[in-house]
Amino acid sequence: MVDQGIGIPPDAAAQLFRAYFRHDEAKRMTGEGMGIGLYISKQFVEAHGGRIWVDSAVGQRSVFHVALPLADAAVPVPER
Ligand SMILES: Nc1ncnc2c1ncn2[C@@H]1O[C@H](COP(=O)(O)OP(=O)(O)OP(=O)(O)O)[C@@H](O)[C@H]1O
Ligand SMILES: [Mg+2]
């Protein structure tokens with residue numbers, strides 16, 4: 001997912017996925033938000049064996065990546 005937003009400084013990129021982390025710049029823009037959206041996203045993705053990360057250019061854009069493993073071919077098809 002790509003946006004043309006405020007961007008994320010490199011030192012903050014690793015912290016975004018922690019519970020309750022909100023960057024000062026985000027707090028300045030809005031008092032809303034608990035800082036759990038990306039934390040929950042990371043829990044979901046990792047529970048499925050995947051990875052989530054962000055690439056960003058400050059003041060330009062942020063790109064959020066999610067990579068998930070393909071389903072195991074041995075997963076049984078449910079009976080009708
Ligand atoms: N697209 C984005 N561009 C710039 N910064 C972002 C972006 N998405 C998230 N962030 C930064 O990461 C922090 C954590 O994001 P997260 O979605 O977990 O929390 P939130 O949106 O602040 O609150 P909540 O999701 O709980 O409503 C944000 O507060 C902000 O600092
Ligand atoms: Mg959020």
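**Salt bridges, core and overall form**

Searching the whole structure, which is a predicted model, turns up three salt bridges. Side chains of opposite charge can pair when their charged atoms come close. Two of the bridges can be looked up in helix 2, which covers residues 24–29.

In one of them, lysine 27 pairs with aspartate 24, and the closest N and O atoms sit 3.9 Å apart. That still makes the cut, because a salt bridge is counted when a side-chain nitrogen of Lys or Arg is within 4 Å of a carboxyl oxygen of Asp or Glu. Lysine 27 and aspartate 24 are three residues apart in helix 2, so about one helical turn separates them. As for their surroundings, aspartate 24 counts as exposed, at 57% relative accessibility, while lysine 27 is partly exposed at 47%.

Helix 2 also holds the pair of arginine 28 and glutamate 25. Here the closest N and O atoms are 2.4 Å from each other. Once again the spacing is three residues, or about one helical turn. Arginine 28 is exposed, with a relative accessibility of 63%, whereas glutamate 25 comes in at 31% and is partly exposed.

Moving on to helix 3, glutamate 46 makes a salt bridge with lysine 42, with 2.9 Å between the closest N and O atoms. These two residues are four places apart in the helix, about one turn. Both ends are partly exposed: glutamate 46 has a relative accessibility of 41%, and lysine 42 has 26%.

Helix 3, residues 37–47, is also where phenylalanine 44 is found. With a relative accessible area of 57%, phenylalanine 44 is exposed. Together with Tyr39 and Ile40, Phe44 makes a nonpolar surface patch of about 300 Å².

Stepping back to the whole chain, there are three helices and three strands. Their order along the sequence is β-α-α-α-β-β. The radius of gyration is 16 Å, well over the 12 Å that the globule rule gives for 80 residues, so the chain is more spread out than a compact globule. Along the principal axes, the C-alpha atoms fill a box of roughly 55 × 25 × 20 Å. Of the 80 residues, 19% count as buried. The accessible surface adds up to about 6,300 Å², and carbon and sulfur atoms own 58% of that. Among contacts with a separation of 6 or more, 41% come from residues 24 or more positions apart.

What about the inside? The largest nonpolar core has eight residues: Ile8, Ala12, Leu16, Phe17, Val45, Ile52, Val54 and Phe64. Isoleucine 8 gives a feel for how its members meet other parts of the chain. Setting aside neighbours within four places in sequence, isoleucine 8 is in contact with Ala13, Leu16, Val54, Ser56, Val58, Ser62 and Phe64. Leu16, Val54 and Phe64 from that list are fellow members of the core.

Two other core residues, Val45 and Ile52, show up around valine 66, which is part of strand 3 (residues 61–67). Beyond its neighbours within four places, valine 66 is in contact with Val45, Arg51 and Ile52. Looking toward valine 77 gives another view of valine 66: the two are eleven residues apart in sequence, and their C-alpha atoms are 26 Å apart in space.

The reverse situation turns up at alanine 14, which is 39 residues away from tryptophan 53 in sequence but has a C-alpha to C-alpha distance of 8.2 Å to it. Alanine 14 belongs to the loop between helix 1 and helix 2, and at 59% relative accessibility it counts as exposed.

That loop, which follows helix 1 (10–13), also contains tyrosine 20. The backbone has a quirk here: phi of tyrosine 20 is near 70 degrees, a positive value in a residue other than glycine. Tyrosine 20 is exposed as well, with a relative accessible area of 62%.

Technical notes:
Residues numbered from 1 in each chain as written. Chains lettered and ligands numbered in written order. Heavy atoms only, no water. Patch = residues over 30% accessible without salt bridge, like charges linked within 9 Å, V, L, I, M, F, W, Y side chains within 5 Å. Areas by Shrake-Rupley, 256 points an atom, 1.4 Å probe, with all protein chains shown as cover. Buried < 20%, exposed > 50% of the residue type's maximum accessible area, 1.4 Å probe, protein only. Rg over C-alpha atoms; globule rule 2.2 N^0.38 Å. Contact = heavy atoms within 4.5 Å. Core = buried A, V, L, I, M, F, W, Y, C linked by side-chain atoms within 4.5 Å.
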